[in-house]
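Dear colleague,

Please find below the structure that I am handing over to you. My findings follow directly after it, arranged by topic.

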Amino acid sequence: TLPTTMDQALESRKTGWFADRGIITINLLLVLCQISSYATGYDGSMMNGLQSLDEWNKFFNQPGASTLALLNAIQNVGQLVSLPFCAFACDYFGRKKTLVFGACIILLGTGLQGGAQNSEFRLFRRLRSDT
């Protein structure tokens with residue numbers, strides 16, 4: 001009969017989980033997902049902190065409430081817009097390649113966002129950094 005619990009499945013093995021390359025690989029990929037989740041929280045905190053600085057507001061020409069709200073929300077808009085394409089990309093290219101491609105887009109968007117000179121440029125780059 002087939003094992004029904006993890007303990008039963010691992011009972012006959014003489015090594016631990018760290019000897020299985022597949023388990024190590026999936027755990028490293030899960031770390032990438034966790035980092036992405038942490039980055040979302042960090043991004044929100046960073047944006048709120050920046051918006052409280054007089055220098056930031058002066059540099060971006062005193063953006064109004066609707067612009068500030070859009071600057072914070074645009075990251076989630078990018079995630080929602082890209083969501084339907086992710087399933088197709090995972091099916092066609094595989095999960096690993098899709099995750100790596102998404103991470104490269106985030107890095108590119110982050111670099112471009114760092115060079116933002118006005119609210120519109122920053123808004124577009126924040127949208128691109130999370131698609």
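**Overall arrangement**

Read from the N terminus, the elements of the chain follow the order α-α-α-α-α-α. Please bear in mind that this is a predicted model. The chain holds six helices and zero strands. It has 131 residues, of which 20% count as buried. If one takes the contacts between residues at least 6 apart in sequence, 58% of them join residues at least 24 apart.

**Helix 2 and its last residue**

Helix 2 runs over residues 21–51. Its 31 residues should span 45 Å at 1.5 Å a residue, and the end C-alpha atoms are indeed 45 Å apart, so the two values agree. Asp 43, Met 47 and Gln 51 are buried in this helix.

Gln 51 deserves a separate word. Its relative accessibility is 14%, and residues under 20% count as buried, so Gln 51 belongs to that class. Which residues does Gln 51 touch, if those up to four places away in sequence are not counted? They are Trp 56, Asn 57, Leu 68, Leu 71 and Asn 72. Two of these partners, Leu 68 and Leu 71, are themselves buried residues of helix 4.

**The loop between helix 3 and helix 4**

Helix 3 covers residues 54–59, and Asn 61 lies in the loop between helix 3 and helix 4. Gln 62 is found in that loop as well. Asn 61 has a positive phi, near 60°, although the residue is not a glycine. Gln 62, also a residue other than glycine, has a positive phi of about 50°. Are these residues buried or exposed? Asn 61 has a relative accessible area of 63% and is exposed. Gln 62 is exposed too, with a relative accessible area of 54%.

**Helix 4**

Helix 4 comprises residues 65–93, which makes 29 residues. From the first C-alpha to the last, helix 4 reaches 41 Å, close to the 42 Å expected at 1.5 Å a residue. Where does helix 4 have a kink? A kink of about 40° lies at Leu 83, shortly before the proline Pro 84. The buried residues of helix 4 include Ile 74, Gln 75, Gly 78, Ser 82 and Ala 89. Just after the helix, Gly 94 takes a positive phi of about 100°.

**Helix 4 against helix 5**

Helix 5 spans residues 95–114 and packs on helix 4 at an angle of about 130°, with the axes 7 Å apart. The two helices are therefore oblique to each other. Helix 4 contributes Cys 86, Ala 89, Cys 90 and Phe 93 to the contact, while helix 5 contributes Arg 95, Lys 97 and Thr 98.

**Cysteines**

How many disulfides are there? The count comes to zero. Cys 86 shows why: the closest cysteine sulfur to its own is that of Cys 90, at 6.4 Å, whereas a disulfide needs the two sulfur atoms within 2.5 Å. As for accessibility, Cys 86 is partly exposed, with a relative accessible area of 33%. Cys 104 also counts as partly exposed, at 46% relative accessibility.

Yours sincerely

Conventions: Residues numbered from 1 in each chain as written. Predicted model: local features only at pLDDT ≥ 70, side-chain atom pairs only at ≥ 80, totals over all residues. Heavy atoms only, no water. Buried < 20%, exposed > 50% of the residue type's maximum accessible area, 1.4 Å probe, protein only. Helix = DSSP H or I, 4+ residues; strand = E, 2+ residues; numbered from the N terminus. Expected span 1.5 Å × (residues − 1). Bend = angle between axes of the 7 residues up to and from the residue. Contact = heavy atoms within 4.5 Å. Axes fitted to C-alpha atoms, helices over the stretch in contact; angles between N-to-C directions. Parallel < 35°, antiparallel > 145°, perpendicular 65-115°, else oblique.
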